[in-house]
Amino acid sequence: MRIILLGAPGAGKGTVAKALLEFDGSVQISTGDILRNAVKAGTDLGMKAQGYMGRGELVPDDLIMEIVESRLQEPDCDRGFIFDGFPRTIPQAEALKTLFQRLHLKLDLVVNLDVPKDVILDRLTTRRTCSNPDCQEIYNIKSKPPTEDGKCKRCGSPVIQRDDETEEAITKRLETYNQKTAPLIDFYEKEGLLKTIASTRSEEIVSAIRRELRSG
Ligand code: AP5
């Protein structure tokens, strides 16, 4: 499958992507995870991205397109991929369309995860993430807690709260989503690729996506 997961911060894109990977060996391409790893490793990309991320703003489109283009050339992408958190602006979506034409790739589906705002706010303040860059399992102190001593159940690394989980950054991320990313819903509707799923249950969302892919 080659799909895009759209949705506000905290809508559950990462959680759903990880569940979908189990079915057909596709890879998850999360621009947020790639950027956080770059920040942690102190690379040139990380240094450029850090300020924007901490403030809850978007990283400039040209940096993001460089990341995506190089990631798509890696051999594991031949198995299919799930974009989580990309594209996030109309210019990114247009650049992706051009890139796909150049690489002779076709997008199967764009899923819009529609989750009520109060649920989103609650999830963002209670999320925890595995600190191991090779794992990055997503937890939630209410719905999916880590071990009692705050470790990842998969790899045993400490589970942490992200740097952009302050109240100020969360508010800014939601504002940025409404201004810059929500217009992609119309963009992909016009492309005939959009499926909106209004649910707060990950299993229900995963089943709906699989049904849609089978019928397409
Ligand atoms: P990114 O990492 O993409 O963050 P985001 O879009 O804000 O999305 P989140 O990761 O916060 O939420 P999610 O929808 O994946 O939800 P999750 O599954 O974790 O981006 C971070 C930053 O990087 C951006 O602000 C920007 O600066 C930069 N960036 C990244 N990509 C960029 C791009 N393309 N262009 C420019 N800049 C870019 O779930 C949330 C919580 O809810 C978890 O605790 C989870 O356990 C829980 N949960 C999920 N589903 C359920 C459920 N069904 N029931 C109960 N709990 C649930």
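**Around the ligand, and along helix α7**

Okay, let's start at the ligand: a polar side-chain atom of Arg127 sits 2.6 Å from one of the ligand's oxygen atoms. Before I go on, keep in mind that this is a predicted model.

Arg127 has company. Arg36 also brings a polar side-chain atom to a ligand oxygen, at 2.9 Å. With Gly12 it's the backbone instead: an N or O atom there lies 3.0 Å from an oxygen of the ligand. So how much of the ligand does the protein bury? Taken alone, the ligand exposes 1,100 Å², and the protein buries 93% of that.

Let's look at the shell itself. There are 34 residues surrounding the ligand, and the closest are Thr15, Glu57, Arg88, Arg127 and Thr200. At least two shell residues each come from α1 (13-24), α2 (31-41), α6 and β6 (138-140). Which of these gives the largest share? That's α2, with 4 residues.

Now over to helix α7, residues 167-181. This helix has 15 residues and spans 20 Å from first C-alpha to last, close to the expected 21 Å. Its buried residues are Ala169, Ile170, Arg173, Leu174, Thr176, Tyr177 and Thr181. Looking down the axis of α7, those buried residues fall within an arc of 160°, so they line one face of the helix. Flip to the other side of α7 and you find Glu167, Glu168, Asn178 and Gln179 exposed.

And what covers the buried residues of α7? The cover includes strands β1 (2-7), β4 (109-113) and β5 (127-130), along with helices α3 (44-55), α6 (117-126) and α8 (183-190). You'll recognise α6 there: that helix also supplies at least two residues of the ligand's shell.

Terms used: Residues numbered from 1 in each chain as written. Predicted model: local features only at pLDDT ≥ 70, side-chain atom pairs only at ≥ 80, totals over all residues. Heavy atoms only, no water. Expected span 1.5 Å × (residues − 1). Buried < 20%, exposed > 50% of the residue type's maximum accessible area, 1.4 Å probe, protein only. Arc of directions from axis to C-beta. Contact = heavy atoms within 4.5 Å. Near = heavy atom within 4 Å. Polar contact = N/O pair within 3.5 Å; in protein donor to acceptor, adjacent residues only side chain to side chain. Areas by Shrake-Rupley, 256 points an atom, 1.4 Å probe, with all protein chains shown as cover.
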